[in-house]
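Visitor: Got a minute to walk me through this one? I'd like the overall picture and then a few odd spots.
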Amino acid sequence: MACSYLGPCFLLICSLLGLFVSGSQIQRTSLPIISFDEGYTQLFGDDNLVMYRDGKRVHLSLDERTGSGFVSQDLYLHGYFSASIKLPADYTAGVVVAFYMSNGDMFEKNHDEIDFEFLGNIRGKDWRIQTNIYGNGSTSAGREERYSLWFDPSDDFHQYSILWTNSQIMMGAFSVGRDKVPSFRFYADNIPIREVKRTESMGGDFPSKPMSLYATIWDGSDWATNGGKYRVNYKYAPYVAEFSDLVLHGCAVDPVEQFPRCDNTESSQAIPTGVTPVQRIKMESFRAKFMTYSYCYDRVRYRAPPSECVINTKEADRLKSYDPVTFGGGRRHHGKRHHRSRSSHAEVISI
């Protein structure tokens, strides 16, 4: 495992059905898949964490007693971190499944964090994905975005990945190269869904300290579904999230000296660092159709968008029609909304 510890980092997050090779793109399978015991340890949950297939598949469950979770054995400064995840089905209101990086155990007052949070729902309603970042304890200035999906994440495994290098963090199908502008990118089913570029005015709000990788399932009844209106119903427990294809390909850091134990070797070339023009088009298409919240457009929360925000008129128009009070400062209309089916969603974003 190798990477260079050079200058400011990029952050990019994405989720995908798989990584594919086309031209300079790189296959997900070119990075080593490890067993649970090779790279992780149980965080909490006792027997609510169960291993299968010689440790290559892990089930995390939530019941009336407890949730469960695991954490990487090492801290990392940059790298590629990935897992195939299948979410619980049926009634999942209040359930939160998280796949994220954090250093909150080491830096309680100024921690960094990069989040994927999967928010459950009532029967007949879809899971939603929330992404967020914190830097230097900037929890009061959360940078949340939420999205709906055109597929059912409880129906099969989907790959969710974090690529964090000195230039970016990324999820999806990657192309090899060097970017010179720090950024985050998020992907869903090989479609990038978010990019946050680092700006000078962000300062320490941009995550930059070594972090561990976490996966958890827990009771978020107080906020996860409609602001806490619908809570976890343990009649449907246990809620089981399945994890497989675990990838930890990063720059490990000594927890005491906090210095990266890696250098510029051949293996660093296996970490993709770019996004193709086609992927960027897909990202714009996804966000214009499926993003349901972005802090950048929240007129109630921010009079002016934070410095790192890049305003897109299509995104702004859709969010304003979705919630005119939050995103437009207007009056809320109570008419019926038209909802497309998942199949039509899939057709819309096929580029």
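Guide: Here is a short tour, from the overall fold to single residues.

Visitor: Where does the model come from?
Guide: This is a predicted model.

Visitor: Okay. How many helices and strands in the protein chain?
Guide: The protein chain has 5 helices and 19 strands.

Visitor: And what share of its residues is buried?
Guide: Of the 351 residues, 57% count as buried.

Visitor: What about contacts between residues 24 or more positions apart?
Guide: They make up 73% of the contacts in the protein chain with a separation of 6 or more.

Visitor: Let's go inside. How many residues are in the largest nonpolar core?
Guide: That core holds 62 residues. The ones with the most contacts inside it are F70, V97, F99, F118 and F243. Strand 18, residues 239-253, supplies the largest share, with 7 residues.

Visitor: Pick F118. What is it in contact with?
Guide: Leaving aside neighbours within four places in sequence, F118 contacts I85, L87, V95, V96, V97, F99, W127, R128, I129 and Y160. V97 and F99 are also among the residues with the most contacts inside the core.

Visitor: Does F70 turn up elsewhere, and what touches F36?
Guide: F36 touches T41, Q42, L49, M51, G55, V58, F70, Q73 and L246, not counting residues up to four places away in sequence. So F70 is on that list.

Visitor: Where is F36, and is it buried or exposed?
Guide: F36 is in helix 1, residues 36-39. F36 counts as buried because its relative accessibility is 4%, and the cut-off for buried is under 20%. F36 and S72 are 36 residues apart in sequence, and their C-alpha atoms are 9.1 Å apart.

Visitor: New topic: helix 2. Why does its length look right?
Guide: Helix 2 has 14 residues, and at 1.5 Å a residue they should span 20 Å. The end C-alpha atoms are 20 Å apart, so the two agree.

Visitor: Which of its residues are buried?
Guide: In helix 2, the buried ones are Q279, K282, M283, S285, F286, R287, A288 and F290. F286 has a relative accessible area of 0%. The C-alpha atoms of F286 and S148 lie 9.8 Å apart, with their positions 138 residues apart in sequence counted as the separation.

Visitor: What does M291 touch?
Guide: Beyond residues up to four places away in sequence, M291 touches E145, R146, Y147, F286, Y297, E315, R318 and L319. M291 is in strand 19, residues 291-294.

Visitor: Is M291 buried or exposed? And how far is it from Y147?
Guide: M291 counts as buried, at 0% relative accessibility. The C-alpha atoms of M291 and Y147 are separated by 4.3 Å, although the two are 144 residues apart along the chain.

Visitor: Pockets, then. How much space lies in the second largest one?
Guide: About 350 Å³. The elements giving two or more residues to its lining are strand 16 (191-197) and helix 2 (277-290).

Visitor: Which lining residues lie nearest its centre?
Guide: Those are E195, M283, R287, V310 and E315, out of 18 lining residues. M283 and R287 are among the buried residues of helix 2. E315 is one of the residues that M291 touches.

Visitor: How does that lining split by class?
Guide: The lining has 7 nonpolar, 2 polar and 9 charged residues.

Visitor: Now the backbone. Which peptide bond is cis?
Guide: The bond from A237 to P238 is cis, with omega near 0°. P238 is in the loop between strand 17 (212-219) and strand 18.

Visitor: Why flag that, or a positive phi?
Guide: Because most residues other than glycine have a negative phi, and most peptide bonds are trans.

Visitor: Where is R53, and what is its phi?
Guide: R53 sits in the loop between strand 4 (49-52) and strand 5 (57-62). Its phi is positive, about 50°. R53 is partly exposed, at 49% relative accessibility.

Visitor: And N226?
Guide: N226 has a positive phi near 55°. N226 lies in the loop between strand 17 and strand 18. Its relative accessible area is 49%, so N226 is partly exposed.

Visitor: Last one: what is Y230 in contact with?
Guide: Apart from neighbours within four places in sequence, Y230 contacts Y91, A93, G94, I122, S221 and T225. Y230 is also in the loop between strand 17 and strand 18. Y230 counts as partly exposed, at 27% relative accessibility. Y230 and A93 are 137 residues apart in sequence, with C-alpha atoms 5.8 Å apart.

Notes: Residues numbered from 1 in each chain as written. Predicted model: local features only at pLDDT ≥ 70, side-chain atom pairs only at ≥ 80, totals over all residues. Heavy atoms only, no water. Core = buried A, V, L, I, M, F, W, Y, C linked by side-chain atoms within 4.5 Å. Buried < 20%, exposed > 50% of the residue type's maximum accessible area, 1.4 Å probe, protein only. Helix = DSSP H or I, 4+ residues; strand = E, 2+ residues; numbered from the N terminus. Contact = heavy atoms within 4.5 Å. 1 Å grid on protein atoms, 1.4 Å probe; cavity = no way out; pocket = protein on both sides within 12 Å on 5 of 7 lines; lining within 4 Å. Points joined across faces, edges and corners; volume = space filled by probe spheres on them. Nonpolar A, V, L, I, M, F, W, Y, C, P; charged D, E, K, R; others polar. Expected span 1.5 Å × (residues − 1).
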